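Subject: Structure handover

Hi,

Here is the structure I promised to pass on. Please open it alongside these notes.

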Amino acid sequence: QVQLIESGGGLVQAGGSLRLSCTAAPGRTLSTYAVGWFRQVPGKEREFVAGAGWKGGSTYYSDSVKGRFTISRDNAAETVYLQMNNLTPEDTAVYYCAARFRGAVGTMVREPDSNAWGQGTQVTVSS
């Protein structure tokens with residue numbers, strides 16, 4: 001499994017923005033991986049936020065973030081980003097990056113145990 005390293009979490013006021021980054025460990029490539037962002041709050045299941053296929057440029061979003069979050073990838077930098085705008089306190093969670101070799105975003109959601117996962121980064125939105 002590819003090792004994923006996340007960064008960019010923090011504390012922001014409601015209405016603000018953050019950009020999360022997810023980078024493959026040195027020597028590994030994300031260009032042949034479907035990638036996604038999930039989030040989890042204590043006491044709740046991990047939920048899908050956004051995903052991008054490994055070919056074709058397709059992107060997918062949960063209804064709760066559509067229009068506010070954007071997932072993008074820089075294959076040359078082996079990095080996936082999640083740009084989060086107009087944040088609300090309901091977006092507070094630990095955000096996880098995930099990847100699936102030549103997979104599909106739908107499969108990543110249905111079969112999360114087979115994804116590679118990052119360590120998670122905390123995002124806190126104050127009201």
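Below is what turned up, from the overall fold down to single side chains.

One caution to begin with: this is a predicted model.

Overall fold

The chain has one helix and eleven strands. Their order along the sequence is β-β-β-β-β-β-β-β-β-α-β-β. So nine strands run up to the helix, and two follow it. The radius of gyration is 13 Å, which agrees with the value near 14 Å for a compact globule of 127 residues. The C-alpha trace spans about 40 × 30 × 25 Å along its principal axes.

Of the 127 residues, 45% are buried. Take the contacts between residues at least 6 apart in sequence: 60% of them join residues at least 24 apart.

Surface and charge

The chain exposes about 6400 Å². Carbon and sulfur atoms supply 48% of that area. There are 12 positive and 10 negative charges, and their mean positions lie 5 Å apart.

Salt bridges

The count comes to five salt bridges. Three pairs are described here, in turn.

- Glu 47 and Arg 39: the closest N and O atoms are 2.6 Å apart. Glu 47 is partly exposed, at 36% relative accessible area. Arg 39 counts as buried, because its relative accessibility is 6% and the cut-off for buried is under 20%.
- Arg 68 and Asp 91: the closest N and O atoms are 2.8 Å apart. This pair links distant parts of the chain, 23 residues apart. Arg 68 sits in the loop between strand E6 (59–61) and E7, and Asp 91 in the loop between E8 and E9. Arg 68 and Asp 91 are both buried. Salt bridges with shared partners join Arg 39, Glu 47, Arg 68 and Asp 91 into one network.
- Lys 66 and Asp 63: the N to O distance is 3.4 Å. Lys 66 and Asp 63 are both exposed.

Backbone points to check

Which residues have a positive phi although they are not glycine? Glu 78 is one of them, with a phi of about 55 degrees. Glu 78 lies in the loop between strand E7 (69–74) and strand E8 (79–84). Asn 86 is another, with a phi of about 50 degrees. Asn 86 belongs to the loop between E8 and strand E9 (93–101). Asn 86 is partly exposed, with a relative accessible area of 45%.

Over to you.

Best wishes

Technical notes: Residues numbered from 1 in each chain as written. Predicted model: local features only at pLDDT ≥ 70, side-chain atom pairs only at ≥ 80, totals over all residues. Heavy atoms only, no water. Helix = DSSP H or I, 4+ residues; strand = E, 2+ residues; numbered from the N terminus. Rg over C-alpha atoms; globule rule 2.2 N^0.38 Å. Buried < 20%, exposed > 50% of the residue type's maximum accessible area, 1.4 Å probe, protein only. Contact = heavy atoms within 4.5 Å. Areas by Shrake-Rupley, 256 points an atom, 1.4 Å probe, with all protein chains shown as cover. Lys, Arg positive; Asp, Glu negative; His and termini not counted. Charge placed at Lys NZ, Arg CZ, Asp CG, Glu CD. Salt bridge = Lys/Arg side-chain N within 4 Å of Asp/Glu carboxyl O.
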